Amino acid sequence: MEQCVGFATKILNFIVYRSYCQNQLPENGSDINLLEGVEDGLQTRSLIRSGVPHRVFVVHPFIKWGPKKDRLSSPNLHLEEAQALINTLPEWKVVDKKVVSLMTFDKTTFFNKGQLEDLCSIISKNKLITAVFLNVNMLKLQQQIFLEGLFNVPVFDRYAVVVNIFKFHAVTKEAKLQVAMAEIPYLRSRLRGRDGESPLDKRLRLFMQQEQKIKKMISDLHKNRELLRNKRRHMEFPIIAVVGYTNAGKTSLIKSLTEEKSLHPEDKLFATLDVTLHEGLLPSRMKVLYVDTIGFISNIPTKLLEPFVATLEDALQADVIVHVRDISHPDTVAQNEHVMSTLKSLNLSEDIMQNIIVVGNKSDKVKNSSNFKNMVLTSCLNNYGIGELKAEIEKAVLKVTGISEIKIRIRNGGDEYRWLYKNSSVLEVDVDLKDCSFAYLTVLISKSKLGQFKHKFIYGK
Ligand SMILES: Nc1nc2c(ncn2[C@@H]2O[C@H](COP(=O)(O)OP(=O)(O)OP(=O)(O)O)[C@@H](O)[C@H]2O)c(=O)[nH]1
């Protein structure tokens, strides 16, 4: 415990702070690590922060009582989610965990004296620990410096861990740029509180320039996507956006709805960082596009998600939203509240907010699923409820898009026939028994397409 007190700590803090800043700052856009800590492939204890896998001691602090107490969820469930976050990072492992109750998260030392002694003792006894994950949104710089000086291992908060996960899962250029944008406020917050000019200030300026550059690139990509969206609209395929808490089963559900073999659901948080489109058929054989979106997660600083908001709002310019819930999750109620309040905070139309279909997924893991009302129960594992869900989606699509079912008599194989096959969903063809050169076509057609049809083939004649 002698390392936990006194002058030595201050000196150590100073050294940590310097190496910390150096460790945090990207030079020419890439991370630099000054402390090498890898021996024979095994990470030894050091203050190295990124680029290497860590064996992590997960600490979940919670407010015991008062207005800041979390009343929707329990500390143990938060601890579980924190472990899942760490296990999502390739080769990172949780080696110990602990829940600690506090009155406030604002103290520079974060914990009280007794708790600090307890944590120090766990860390010094368990030599496997190479980092601490303190499960709070974002630590203040002074708190981080203090705790790293004390524990002598890096201390990560949720912001740092989630950015790391994002980095692993960003595939497209847009997602990579958004992750770079998401990291900047964090890195900048780690530079505050110093006086005078220094090489670090120059790097701060570089950050700002970099931020402007990334913003411009993202905005160009958005313009591009708007063009794509207009094209999508032009094709008049109804769009179904699939949202949900991370790991609820969005990708699995889209796979079941579209039978797209190439989709690979993963038991990882934030496996989907990019918005992707998938084509599917409804019971009437109407073609629709499903949009897979980034998963939601609670207790993440809004700054971190800001770069993704525009993409999400864009993806949610849909005809119908399908909200996938994991009803087997012990925190399903709090997850639902979080998704709904995030949706409400986005810039979405009233119409789309009225058109949300709730899906109770993973029903195979629930003993009494009849407790879950006002939702379509599904299991992607055994394809349960998928047909019913498709029928619900179709009902909602017909309601919002003004697509209607009509029966029309036209010449067999003629121009009208070809036009309808191209521009509507043909449900049935019955040959006119009185005159075989004619047929009755039952089609699903949008208002505007019906107008075009009438103009071209009825009034135009
Ligand atoms: N038992 C069971 N497991 C399921 C079901 N649906 C999905 N899973 C599993 O849940 C995990 C997460 O599924 P995904 O489809 O990747 O979830 P997601 O919501 O797209 O996840 P993110 O991309 O992280 O937001 C995977 O291991 C799936 O196999 C289900 O109905 N029952």
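Select Val 242 together with Val 322: in this predicted model, Val 242 stands opposite Val 322, a residue of strand 12. Extend the selection to strand 9 and to strand 12 (residues 320-326), which pair in the parallel sense over 5 bridges. Helix 10 (residues 332-345) may be added next, since this helix packs on the sheet and touches strand 9 and strand 12. The direction of helix 10 makes about 155° with that of strand 12.

Now display the whole sheet. Its 6 strands follow the order 10-11-9-12-13-14, the sheet is open, and the pairing is mixed. At the edges are strand 10 (276-281) and strand 14 (376-377), each of which pairs on one side only.

Proceed to helix 8 (250-258). Helix 8 lies across strand 9, strand 10, strand 11 (287-292), strand 12 and strand 13 (356-361). Relative to strand 11, helix 8 runs at about 165°.

The loop between strand 9 (239-244) and helix 8 holds the next selection, Asn 247. Phi of Asn 247 is near 75°, a positive value in a residue other than glycine. Is Asn 247 buried or exposed? Asn 247 counts as buried because it has 24 C-beta neighbours inside 10 Å, and the cut-off for burial is 20 or more.

Finally, move to Glu 91, in the loop between helix 2 (75-88) and strand 6 (93-102). Glu 91 is not a glycine, yet its phi is positive, at about 70°. Glu 91 has 9 C-beta neighbours inside 10 Å and therefore counts as exposed, the cut-off being 12 or fewer.

Terms used: Residues numbered from 1 in each chain as written. Predicted model: local features only at pLDDT ≥ 70, side-chain atom pairs only at ≥ 80, totals over all residues. Helix = DSSP H or I, 4+ residues; strand = E, 2+ residues; numbered from the N terminus. Pairing = 2+ DSSP bridges. Contact = placed C-beta atoms within 7 Å. Axes fitted to C-alpha atoms, helices over the stretch in contact; angles between N-to-C directions.
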